[in-house]
Amino acid sequence: GVEPVLDFKADKRADGSRPQQMDPESGLLVWQVVVLDADEEAGKRDTAVSVKFLAKVQPVPPENKTPFPWTPVEFVGLSALPYVEDLGNGRNRIAWSFRAESMTAPGAASSGGSGSERAKGTAA
């Protein structure tokens, strides 16, 4: 499912909970969905990634019309942003942040746009 991204830079609320993160440029709420790689041969580090969305309300994944326990989705407007951390001693670690405009059932996305703007995944 789609979950809110908590803002760990903001002060905790009176009840100890954290507020939801907001995008500083658009003011929209930040949501995320965990995407699983169902390939049994995938390495441990490659089995799940989070894709984030900016939206006023919680995005809803398409209905699962498959016999599988996960929902196939197609991400529209998917982008991957690298984050490089300097570990010292001339070593760096790279991590990726994935963001999409929306998600639809596979094949339901509009025919406009290039293939680089769409990617298929499996939401948990």
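These legends accompany three close-up views of a predicted model.

**View 1. Strand S6 and its two partners.** Let's start with strand S6, which covers residues 91–99. With strand S3 (residues 48–55), S6 forms a parallel pairing over two bridges. Look for Val-51, which sits opposite Phe-98 of S6. The pairing of S6 with strand S5 (residues 79–88) is antiparallel and runs over nine bridges. Here Ser-79 is the residue to find, standing opposite Arg-99 in S6. S5 and S6 also make a hairpin with two residues between the strands. In this hairpin, Asn-89 adopts a positive phi near 55°.

**View 2. The second largest pocket.** Next comes a pocket with a volume of about 170 Å³, the second largest. Its lining includes Gln-21, Met-22, Asp-23 and Pro-24, together with Val-30 and Lys-52. Leu-81, Ser-97 and Arg-99 are also among the lining residues. Sorted by class, the lining holds four nonpolar, two polar and three charged residues. You may recognise Arg-99 from the previous view, where this residue of S6 stands opposite Ser-79.

**View 3. Glu-74 and the backbone of Gly-107.** Our last stop is Glu-74, a residue of strand S4 (residues 71–76). Is Glu-74 buried or exposed? Glu-74 counts as buried because its relative accessible area is 5%, and the cut-off for buried is under 20%. A polar atom of the Glu-74 side chain lies 2.9 Å from the backbone nitrogen of Gly-107.

Definitions and conventions:
Residues are numbered from 1 along each chain as its sequence is written. This is a predicted model: local features need pLDDT of at least 70, side-chain atom pairs count only at pLDDT 80 or more; totals for chains, interfaces and linings use all residues. Side-chain values use heavy atoms; hydrogens and water are left out. Two strands pair if DSSP finds at least two bridges between them. Helices (H or I, at least four residues) and strands (E, at least two) are DSSP runs, numbered from the N terminus. On a 1 Å grid over the protein atoms alone, a cavity is a set of points where a 1.4 Å probe fits but cannot get out, and a pocket is an open set with protein on both sides within 12 Å along at least five of seven lines; lining residues have an atom within 4 Å of a point. Grid points are joined across faces, edges and corners, and a volume is the space filled by probe spheres set on the points. Ala, Val, Leu, Ile, Met, Phe, Trp, Tyr, Cys and Pro count as nonpolar, Asp, Glu, Lys and Arg as charged, and the others, Gly among them, as polar. Buried means under 20% relative accessible area, exposed over 50%, partly exposed in between (1.4 Å probe, protein chains only). A polar contact is a pair of N or O atoms within 3.5 Å; within protein, one must be able to donate a hydrogen and the other to accept it, and residues adjacent in sequence count only if both atoms are side-chain atoms.
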